[in-house]
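Got the viewer open and a selection box ready? Let's walk through this one stop at a time.

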Amino acid sequence: MRRTTLTAAVAVLALTTGCGAADMTRQASPFANARGARTVTLAVPSWVGAQANVAVAQYLLEHELDYRVDTIQIDEVPAWDALSQGRIDALLEDWGHPEQEQLYVREKKTVARAGGLGVTGHIGWFVPTYLARQHPDITDWKNLNKYASLFRTAESGGKGQLMDGSPSYITNDKALVKNLKLDYQVVFAGSEAAQITQIRQSAKKKKPFLTYWYEPQWLFKKVPMTEVKLPPYKKGCDADAAKVACAYPHTPLQKYLNADFARNGGRAARFLKNFRWTTEDQNEVALLIADRKLTPEQAAKKWVDSHPSVWKKWLPR
Amino acid sequence: MATITVFPSRLQLPGALRRPAVAKLAVLAVAAAVLVPLLNSRWTNGTWPHELTVSLTRPLTAASDWVIDNRDSNPLFLYFLGHVSNAVVLSVRAVYLTLLAAGWAGVTAATALVAWRVAGARLALGTAAALLACGLLGMWVPTMQTLALMAVAVLASVSVGFLLGLAAGLSDRLDRVLRPVLDTMQILPAFAYLLPVVLVFGIGVPAAVLATVVYAAPPMARLTALGLRGADREVLEAVDSLGATARQRLLTARLPLARKDLLLGVNQTIMMALSMAVIASVIGAGGLGDRVYQALASVDVGAALAAGIPIVLLAVVLDRVTCAAGERLGADDGRRTAGWAYVALAAAATVAAALAARLAGRLDWPDAWTVNIAGPVNHAVDWMTAHLYSGVPYVGGTADWAGRFTSWVLDPVRSALLWLPWWSVLLIVAALAWLIGTWRTALTAVLAMAATGVLGLWKPSLDTLSQVLAAVAVTLVAGFAVGIAAARSARVDRLLRPVLDVFQTMPQFVYLIPVVALFGVGRAPAVAAAIVYALPAVIRITAQGLRQVDAAALEAARSLGATGGQQLRQVQLPLAREALLLAVNQGVVLVLAVVIIGGLVGGGALGYDVVFGLAQGDLATGLVAGVAIVCLGLMLDRVTQPTRRRAGKGA
């Protein structure tokens, strides 16, 4: 009796699982392409600039090309993995992940390049401009130790505080502080939103702060900041993450598509490959979202209505 | 070493040693007297010695890399895990498409009719109203995504849990093996379950569903086993004497007798699955949790609330409907009512509603019918941050309170813990656990605490521990106070009951939203969320414990002329010791779960490491932190574990 049940169970198992291989790297999200609608899934990174890209792309895909767009909040590194598995179709703003590019684009060929976004990104250390006016020599890293006491906080434990934002962003700051022998402590605010809140609160009271920040960023329009010069960037100086002692590079931001989507994605894929705008455009939309508190859709509509000449070129013929 | 001073005089020693507590302390003191000088001479530094740590980073990174390299070629993935993942995707998709095809009208009609059948007209109305509210908030599609994911996860959890419970209920040996495992799984924070499944399945719905199943199946298994074992001996003997086979006995006597426990198991599984399905948004579950997560990342309280309200509504509706269904079934006594006619009618009504909506061209929830609450809520929050956040005359603002709580409570507790030499922390853990429990629990607690050090996470673990301690202290003071009030006054109890009911069914994730609005980002909001989450259970257990105190004992005290305060202090509280200890235990476990999630709102420490691991795809960091969380949970549970424990969250 028991043996027959066992045999049956094994047989069922063999039937359901043994018939063929199931490659879980090629399984889309169960929520994609519902009811025959053509769906594009876009990754939404956590910073507003990249949300602006997604907002405009989503608006145009939905209103001009008749696609349904799903968005997934996902951090930079996991986004690469999801992109390769086809769980998302496109990543519109990548700040340079050489390891992932090597693995997924060159070796596995599951991710395809889709050209530049037209925006150049740069990460650096910044102090508020009112502080730089007070102490003009603060903008050179060699003088930072002299001013460490200005930046002391409860969390930095006797050293100066260098504020970092989200744990998911590209950062060499811990290594930089160590290798440049700076009397500073890297403190993570936990998220970019928390970092922005802190920057704005400090700026309101004109308090000194030193922060990891990046361009393009809408916040510069609200809180003017000046970059602190680090030892100049040379190609390859950041190859060994533990030994970095140079500034961050200027990175032309890149777009990536899932390889299958790039081939078979039709008009949506061609549109996303054509998508290319400027820092000013991105900042305009980002400022609408982050400062004027418009929803991404409203912000995108506003920009689309006033810049037809820019986006008309992106539509595939 | 001040170990000998425990005994003021030698003459008292034998008498004192007869008391078990003193004897236990004496043993520990002797052990400390021998070991501490030894350890101290080797490692003079107070923190966990580096030589005693084992770095798992390299093997874990290698494992993670291996998975990424092999998941599209290795047979294990292709022929087993791939199919598991595929099955999950297909079934979630099938449910989701069905829900979409039914449209909002069809889904609302169907759920209301089901609720009517199993739980009565009032709950049916409530269910329909809740679903329409989800649509009204513009959350129809995310709600359906969460429902689809939940449906699959609950089905899987209930079947897995039932089978495990069946095995444990029928075989004593399996019961001995399974029980400690299930007991432990019950106390682990949800966050600790996410990383292992991400390692294997990658970010996405399959991982989310599997994490949910692992989290939600244990209560079903526990309660099934409990129900089967609790069956009335006499009934079973009667069945035996009728010459029933083992199978007949199971199907006709034991399972029907365990019906109530089984239904309670289903109810608990559903609630835990909802809680987890929402947290799993961190690993790509999509749906409502994802909206909350996105909104929290940008501190957009309004949007978080718009997605949080449907979660709460779902939780309340699911809890009430399954509870009511359980009670009805219990009262029914297995009488089968003519159900087919109703089923057919309900199906027809559902199809009619779906078709009507489709013909009216309103299959999707119409955009025009949504109410945007994010704007007004954010205005309110802005007003609050502008006016209540800081600098309110005399009382200070909420941010000031948070700041003061951080610098006057959290920081001192943390520095005190870090200042204590590591061996003394272990000693304190051992002493507490042994005094309250047995030497077994003490040993587990010490080993678990030591494991966090071995993993190289001594400092973050103590940081998390300091948050837990601060939160538990506040929770217990407030919880005992309110619990005593509820036990002494029927009116307070009546007022509290619905509030506690709602609060106890809300998923952990939802609590993060209001605290971010009030206290900003950091450790204080994480602690505040933990307090609010753990409070209802503590209040409830305290009140229940006090009320169950023997009436005769109270009467006796009253006749001796004891005042109300004296009765409470000298009779009720001592007699309710067991319940109070249980309240402490539950409070600690619940607080830890939320303090960990606090990593999402700047809570730092172990929770942050898990978030970091997920965000950077650095699974080694995340997994090690996850293991440390497990150890910390084990330690806290064992330290506060009274000899007897009850099933379920806040039971």
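Start by selecting Ile541 of chain B: Ile541(B) sits in helix α23, which covers residues 523-547 of chain B. Keep in mind that this is a predicted model. Is Ile541(B) buried or exposed? Ile541(B) counts as buried because its relative accessible area is 2%, and the cut-off for buried is under 20%. Now add Val141(B) to the selection and draw a distance between the two C-alpha atoms: Ile541(B) and Val141(B) are 400 residues apart along the chain, and 38 Å separate them in space.

Next, colour the annotated stretches of chain B. An unreviewed UniProt entry puts the feature "domain: ABC transmembrane type-1" at residues 143-322 and 461-640 of chain B. Pick the span 461-640 of chain B and look at its make-up: 84% helix and 0% strand. The C-alpha atoms at the two ends of that span lie 18 Å apart.

Now switch to a colouring by domain. In chain B, domain 1 runs over 91-370 and domain 2 over 399-651. Taken over C-alpha atoms, the centres of domain 1 and domain 2 of chain B are 28 Å from each other. Select the residues in contact and you should get 38 from domain 1 of chain B and 37 from domain 2 of chain B.

How much area is buried between domain 1 and domain 2 of chain B? The figure is about 3,100 Å², with carbon and sulfur atoms giving 83% of it. On the domain 1 side of chain B, show Ile187(B), Phe191(B) and Leu195(B) as sticks: these residues lose the most area to domain 2 of chain B, together 23% of what that side buries. Looking for charged pairs here? The rule finds zero salt bridges across the interface of domain 1 and domain 2 of chain B. Polar contacts between these two domains of chain B, with both residues at pLDDT 80 or more, also come to zero residue pairs.

Stay on that face and bring up the helices. Elements giving two or more residues to the domain 1 side of chain B that touches domain 2 of chain B include α7 (172-187), α8 (191-201) and α9 (205-229) of chain B. Which element gives the largest share of that side? It is α14(B), with ten residues.

While α7 of chain B is on screen, click Asp175(B), which lies in that helix. Asp175(B) counts as buried because its relative accessibility is 13%. Leaving aside residues up to four places away in sequence, Asp175(B) touches Ala168(B), Pro180(B) and Arg229(B).

Last stop: chain A. Its domain 1 comes in two pieces, 37-120 + 251-312, while domain 2 of chain A is 121-250. The contact between them takes 20 residues from domain 1 of chain A and 17 residues from domain 2 of chain A. The domain centres of chain A, over C-alpha atoms, are 28 Å apart.

Between the two domains of chain A, about 1,500 Å² is buried, and carbon and sulfur atoms give 59% of that. Salt bridges between domain 1 and domain 2 of chain A number zero, but the rule does find one residue pair in polar contact across this interface of chain A, with both residues at pLDDT 80 or more. To see what domain 1 of chain A brings to the contact, select β4 (111-128), β9 (250-258) and α10 (279-290) of chain A, the elements that give two or more residues to the side touching domain 2 of chain A. Finish on α10(A), which provides the largest share of that side, six residues.

Notes:
Residues numbered from 1 in each chain as written. Chains lettered and ligands numbered in written order. Predicted model: local features only at pLDDT ≥ 70, side-chain atom pairs only at ≥ 80, totals over all residues. Heavy atoms only, no water. UniProt positions renumbered as here; feature names shortened; annotations may be inferred. Helix = DSSP H or I, 4+ residues; strand = E, 2+ residues; numbered from the N terminus. Buried < 20%, exposed > 50% of the residue type's maximum accessible area, 1.4 Å probe, protein only. Domains from an automatic or database assignment. Contact = heavy atoms within 4.5 Å. Buried area = accessible area lost by both parts, 1.4 Å probe. Salt bridge = Lys/Arg side-chain N within 4 Å of Asp/Glu carboxyl O. Polar contact = N/O pair within 3.5 Å; in protein donor to acceptor, adjacent residues only side chain to side chain.
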